[in-house]
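Visitor: I have a protein on my screen and would like to walk through it with you. Could you show me the sequence and the structure, so that we can take it question by question?

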Amino acid sequence: MGRPRRSYALWLTGHAVRFVLWLLVTAVCAAMLWRVFLSNIPPAEMKRLSPNKALAEAYEAHGEELTLYTQKQASVTKGEHNYGYFGVTRCVFVPEAEQIQLTFRYNNSTLKRVKEDFALAEVPERGVKIFDVTVVKVTDTTPDDASDNVDGSPNLKKERISPSSHQIDTTGLYTYILYTFDGVVMTDDTITAYLDIYYEGGIDYNKDAYGTLRLYHVQDPKLPVELSGKERKALKNTIFCEE
């Protein structure tokens, strides 16, 4: 005997409902994964050097011989109090321009932590500069004696450098800031350089930073960076505009 018409209709309806629910769940998961994937990719301008006078003049003087390098350092803060709060997705040193350019990043959850950590009335706005970000360069004033290169040694000279410019962009999950630091002279006696991050509502350079990321260490290899076609074009246009 065949399946009763009423039972078959219920069976078919049940399968159809389950299929629709499966499609909805799959679509939601795919959308979330796609959103996270896209948000993890920095905007195009955050992946390129920002041309300015110092960089354009160095490029004009050295052309394709212009030195650019980076180092492989920890890209995300990993302290107990700031795990995953901040990251640097790109850091390029340009010695002939006495310049560092880096892309600083933090996610939306970091803003929620800032509200909690500093007892704010509300979560800070996205896409707005709320952190004081500086480069600290450490130089050995007694390079012939490496035994005194310890924290707190008077033979280690620290220089704090503020950014000369910045530009901000956002994705669904992140705020990106491309910083340019001019006047950064890296010598053979430079031991290390790192990024200090303070909340702008509570800056005290005598206290530990809210977050710190190392950018350079003298013992780590310098990895060459090549200018992209768009970076070359932008620098040439900057040179032309200066003339």
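Visitor: How many cavities of 30 Å³ or more does a search of the whole structure find?
Guide: Happy to help, and please keep in mind that this is a predicted model. The search covers the whole structure and uses a lower limit of 30 Å³. The largest cavity has a volume of about 30 Å³. The number found is 1.

Visitor: Which strands each supply at least two residues of the lining of the largest cavity?
Guide: Let's begin with the lining, which includes Phe93, Val94, Gln99 and Ile100. One strand spans 86-94 and another spans 99-107. With at least two lining residues from each, the strands you want are β2 and β3.

Visitor: By class, how many residues in the lining of the largest cavity are nonpolar, polar and charged?
Guide: The lining is made by Tyr69, Phe93, Val94, Pro95, Gln99, Ile100, Val184 and Met186. In this grouping Tyr and Pro count as nonpolar, along with Val, Ile, Met and Phe. The tally by class is 7 nonpolar, 1 polar and no charged residues.

Visitor: What pattern does the protein follow when read along the sequence?
Guide: It helps to have the inventory at hand: there are 4 helices and 10 strands. Of the 243 residues of the protein, 37% count as buried. Read along the sequence, the pattern is α-α-β-β-β-α-β-β-β-β-β-β-β-α.

Visitor: Which residues make the nonpolar surface patch of about 690 Å²?
Guide: A good place to start is Leu21, which lies in helix α1, residues 5-39. Leu21 counts as partly exposed because its relative accessibility is 48%, between the 20% and 50% limits. The full set of patch residues is Val17, Phe19, Val20, Leu21, Trp22, Leu23 and Leu24.

Visitor: How many residues apart are Glu64 and Arg232, whose side chains meet in a salt bridge?
Guide: Side chains of opposite charge can pair when their charged atoms come close. For Glu64 and Arg232 the N to O distance is 3.1 Å. Glu64 sits in the loop between α2 (53-62) and β1 (69-70), whereas Arg232 belongs to helix α4 (residues 229-242). The pair links distant parts of the chain, and the separation is 168 residues.

Visitor: The side chains of Arg90 and Glu231 also meet in a salt bridge; is Glu231 buried or exposed?
Guide: The Arg90 and Glu231 side chains come to 3.6 Å, N to O. Arg90 is in strand β2 and Glu231 in helix α4, so the salt bridge ties together parts 141 residues apart in sequence. Arg90 has a relative accessible area of 23%, so Arg90 is partly exposed. Glu231 is at 4% relative accessibility, under the 20% limit, and therefore counts as buried.

Visitor: What is the relative accessible area of Asp196, which meets Arg160 in a salt bridge?
Guide: This bridge has an N to O distance of 3.1 Å. Arg160 is in strand β5 (residues 156-161) and Asp196 in strand β8 (residues 190-199), so parts 36 residues apart in sequence are tied together. Arg160 is partly exposed, with a relative accessible area of 32%. Asp196, in contrast, is buried, and its relative accessible area is 5%.

Visitor: How many salt bridges does the structure hold?
Guide: We have visited three pairs by now, among them Arg160 with Asp196. A pair counts when the side-chain nitrogen is within 4 Å of the carboxyl oxygen. For the structure, the total is 6.

Visitor: How far apart in space are Asn237 and Ala56, C-alpha to C-alpha?
Guide: Asn237 is found in helix α4, and at 41% relative accessibility Asn237 counts as partly exposed. In sequence, Asn237 and Ala56 are 181 residues apart. In space, their C-alpha to C-alpha distance is 8.9 Å.

Visitor: Phi of Ala119 is a positive value in a residue other than glycine; what is Phi of Glu98 near?
Guide: Ala119 has its place in the loop between α3 (108-117) and β4 (131-140), and counts as exposed because its relative accessibility is 70%. Glu98 is found in the loop between β2 and β3. Glu98 is partly exposed, with a relative accessible area of 37%. Its Phi is positive too, near 50°.

How values were computed:
Residues are numbered from 1 along each chain as its sequence is written. This is a predicted model: local features need pLDDT of at least 70, side-chain atom pairs count only at pLDDT 80 or more; totals for chains, interfaces and linings use all residues. Side-chain values use heavy atoms; hydrogens and water are left out. On a 1 Å grid over the protein atoms alone, a cavity is a set of points where a 1.4 Å probe fits but cannot get out, and a pocket is an open set with protein on both sides within 12 Å along at least five of seven lines; lining residues have an atom within 4 Å of a point. Grid points are joined across faces, edges and corners, and a volume is the space filled by probe spheres set on the points. Patches are made of residues with over 30% relative accessible area and no salt bridge: like charges are joined within 9 Å, nonpolar side chains (Val, Leu, Ile, Met, Phe, Trp, Tyr) within 5 Å. Accessible areas come from the Shrake-Rupley method with a 1.4 Å probe; for residues, only the protein chains shown count as cover. Buried means under 20% relative accessible area, exposed over 50%, partly exposed in between (1.4 Å probe, protein chains only).
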